[in-house]
Every structure is written in structure tokens, then in C-alpha cells.
Amino acid sequence: MVKIRLRRTGCKNNAAFRVVATDERSPRDGRFLEILGWYEPKREGENFKLNLERIEHWLSKGARMSETVASMVRKAKKAATETAAV
């Protein structure tokens, strides 16, 4: 089963994350299939970016998202619709 989740990068006390598609059996920072975006929690303003097309592709193949990634996708879709409406 493919899972879309966060992969920790960065250094001690300055964590950054990549959003990846990976086999759910692989470790958190282990092997992955594709990088789908990034997330930097300490960054001001826009602190994440996602490739929504590729995420939809993986979801159509039966992938599941972690709760954190699902909330980021909801925020990204909301921001995209607000930008399109203006």
C-alpha cells in the first residue's frame, strides 16, 4: 500500500519535511517513490508547497494520506480556489 506522508529532513532543532509517496512498510526517513512537496514549520508566510496533480494521481491509484498531509492538501485547495475566484 502506498502512503503519502512527511519525511523529516533538516538539522537538529530546525526540522524541515518533504511530502513523499512511499510504501507504508518503509521507515519514516527511508526509501520513497516520489517527492510531492515540502513543509517548513518554522518558516513565516507560505511554509509549504504541494504538487496537487501528482497527489491526485497517487490517490487515484489507491494511496492513503497521513492526517497532517491531508490537512495541508485541504489548505492548498482552499488557497487555490480563493486565488482563482479573485
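**A five-strand sheet with two helices**

In this predicted model, Gly37 sits opposite Leu50, a residue of strand β4. That pairing belongs to a wider contact: strand β3, which covers residues 34-39, runs antiparallel to β4, and three bridges join the two. Helix α1 (residues 52-60) packs on the sheet and touches β1 (2-11), β2 (14-23), β3, β4 and β5, with its direction at about 130° to that of β3.

Stepping back to the whole sheet, there are five strands in the order β4-β3-β2-β1-β5; the sheet is open and its pairing is mixed. At the edges are β4 (48-50) and β5 (64-65), each of which pairs on one side only. A further helix, α2, takes up residues 67-85 and lies across β1, β2, β3, β4 and β5, running at about 85° to β4.

What about aromatic side chains? The structure has one aromatic pair. It is made by Phe17 and Tyr39, whose ring centres are 6.0 Å apart; the ring planes meet at 25°, so the pair counts as stacked, given that planes under 30 degrees apart fall in that class. Because Phe17 belongs to strand β2 and Tyr39 to strand β3, the pair ties together parts that are 22 residues apart in sequence.

Charged side chains come next. Side chains of opposite charge can pair when their charged atoms come close. The count here is four salt bridges. One of them joins Arg54 and Glu34, with 2.9 Å from N to O. This pair links distant parts of the chain, since Arg54 is in helix α1 and Glu34 is in strand β3, 20 residues apart. Arg54 has 29% relative accessibility, so it is partly exposed.

Another of the bridges pairs Asp23 with Arg25, and their closest N and O atoms are 2.9 Å apart. Asp23 is partly exposed at 25% relative accessibility, whereas Arg25, at 72%, is exposed, the cut-off for exposed being over 50%. Asp29 and Arg28 form a salt bridge too, again with 2.9 Å between the closest N and O atoms. Both ends of this bridge are partly exposed: Asp29 has a relative accessible area of 35%, and Arg28 has 48%.

Finally, there is Arg43, found in the loop between β3 and β4. Arg43 is partly exposed, its relative accessible area being 40%. Between the C-alpha atoms of Arg43 and Ser60 there are 31 Å, with the two residues 17 apart along the chain.

Terms used: Residues are numbered from 1 along each chain as its sequence is written. This is a predicted model: local features need pLDDT of at least 70, side-chain atom pairs count only at pLDDT 80 or more; totals for chains, interfaces and linings use all residues. Side-chain values use heavy atoms; hydrogens and water are left out. Two strands pair if DSSP finds at least two bridges between them. Helices (H or I, at least four residues) and strands (E, at least two) are DSSP runs, numbered from the N terminus. Contact means heavy atoms within 4.5 Å. Axes are lines fitted to C-alpha atoms, for helices over the stretch in contact, and angles run from 0 to 180 degrees between N-to-C directions. Rings of Phe, Tyr and Trp (its six-membered ring) pair if their centres lie within 6.5 Å; planes under 30 degrees apart count as stacked, over 60 as edge-to-face and the rest as tilted. Buried means under 20% relative accessible area, exposed over 50%, partly exposed in between (1.4 Å probe, protein chains only). A salt bridge is a side-chain nitrogen of Lys or Arg within 4 Å of a carboxyl oxygen of Asp or Glu.
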